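Here are my notes on this model, point by point. Please keep the structure open while you read.

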Amino acid sequence: MADAICMGELLIDFVPVTTGTDLLTATAFQKAPGGAPANVAVGLSRLGSRSALMGRASEDGFGRFLIKTLEDSGVDTSLMRRSRRTRTPLAFVSLAADAEREFLFYGDPSAGFCPEDVDFDAISKAKLVHFGSIGLITDDSRVATLQAVDAARGAGLHVSFDANLRLDLWPTPDSAREAIREGIDRATIVKLSDDEMDFLTGSKDPVAGARSLLHTGLTLMVVTHGRYGCTFVTRDTDGKVPSFTVDPVDTTGAGDAFMAGLLTGLLEHPNAPLTSELLHDLCRFANAAGALATTQRGGIPGLPNRAGVMALMSEEAER
Ligand code: ATP
């Protein structure tokens, strides 16, 4: 039985084999399993949490590869439904050294997931449900995701939300903004990057931005700053936690590894008050997971295990 149920897309990332190339210059791409909720499920499992993915996998070769990858990583796939109607979605991801990462999607990553796919019994037995905005794009998936999230809130679970903004997938920026706000309004834990905070609130100050989004049920917001680490914000406290120095080769999945680290920490401290001290520790662990994810190419392949995270943290403590 899973403690953490991640909901949403499962897809193939095609990543250029040469770092520093963009979609214009890349000549060859490597197949990598991906989809943010799937990455978080694998990240959680590698860090020692019992996780499951709830969603749709296509009945094609790529879909079978993705399910096998999840299972090989210890993720429970019994909540996945198989679909013959849709093909596995693809995302070509540019890794240009200087520029923003660029995504080119084929197929609809949220297609197929519908209310009949939600396993309410599994949710009632879990401790946490995690979701992102891509599951809110198509109507059926949006209804299913929000029903699952409402059930989780009703059962007193943590509900975590990572905006994971991919503007290309939305008809308009405003529709993305509205759906992300809907996700935040239903969550108890939220992670946003600096860019997403700016997009949503117009604020470049993570604390002010987060405070403008906090609501009664939202107990923790974390804003990530890439190599500079993260800032946590609650109603009572806030603090900035620097990341670790690593040699990054590919930042794909850093945010998902970070999320998995943060959620693992929260699951391991179920009833602890979110003091500044505890949040520093949880964010440090999450930063280490995020930093390590950048040191290998690809999303899922780069997600660290617990031993790796502990080693990075103790290396730095010894310096
Ligand atoms: P993603 O690339 O997965 O969409 P994101 O934009 O959600 O990521 P980032 O802020 O880029 O999130 O990174 C998440 C966390 O990973 C950071 O808060 C930090 O802890 C760690 N991290 C990312 N890049 C680096 C880096 N170059 N060096 C050290 N740590 C990093």
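1. First, a term. Contact here means heavy atoms within 4.5 Å. Angles run from 0 to 180 degrees between N-to-C directions. With that in hand, look at H2: this helix lies across strand S4 (51–58) and S5, and runs at about 175 degrees to S4. Bear in mind throughout that this is a predicted model.

2. S4 and S5 belong to an open sheet of 9 strands. The order is S5-S4-S1-S8-S9-S10-S11-S12-S13, and the pairing is mixed. Strand S5 (80–83) and strand S13 (238–241) form the edges, each pairing on one side only. From one strand to the next, the twist averages 15 degrees.

3. Inside this sheet, check strand S9 (residues 158–162) against S10. The two run parallel and are joined by 3 bridges. One pairing to find on screen: Ser160 has Ile189 in S10 as its bridge partner.

4. There is also an open sheet of 4 strands, again with mixed pairing. Its order is S3-S2-S6-S7. Strand S3 (29–34) and strand S7 (102–106) each have a single partner strand, so one side of each is left without a neighbour in the sheet. Here the twist averages 25 degrees from one strand to the next.

5. Strand S2 (residues 11–16) and S3 run antiparallel, with 6 bridges between them. Leu11 stands opposite Gly34 in S3. Helix H2 (residues 61–72) packs on this sheet too, touching S2, S3 and strand S6 (90–94). The direction of H2 makes about 60 degrees with that of S3. H2 therefore deserves a look from both sides: it touches S2, S3 and S6, and it lies across S4 and S5.

6. Now the ligand. Which residues are closest to it? They are Arg101, Lys191, Gly226, Ser243 and Asn287, out of 22 that surround the ligand. By class, the shell has 6 nonpolar, 12 polar and 4 charged residues.

7. Three contacts to oxygen atoms of the ligand are worth checking. A backbone N or O atom of Gly226 lies 2.8 Å from one oxygen atom. For Gly229, a backbone N or O atom lies at 2.9 Å from an oxygen atom. Asn287 uses its side chain: a polar atom there lies 2.7 Å from an oxygen atom of the ligand.

8. How much of the ligand's accessible area does the protein cover? It covers 88% of the 620 Å² that the ligand has on its own. Strand S10 (189–193), helix H8 (254–268) and helix H9 (276–293) are the elements that give two or more residues to the shell.

Key: Residues numbered from 1 in each chain as written. Predicted model: local features only at pLDDT ≥ 70, side-chain atom pairs only at ≥ 80, totals over all residues. Heavy atoms only, no water. Pairing = 2+ DSSP bridges. Near = heavy atom within 4 Å. Polar contact = N/O pair within 3.5 Å; in protein donor to acceptor, adjacent residues only side chain to side chain. Areas by Shrake-Rupley, 256 points an atom, 1.4 Å probe, with all protein chains shown as cover. Nonpolar A, V, L, I, M, F, W, Y, C, P; charged D, E, K, R; others polar.
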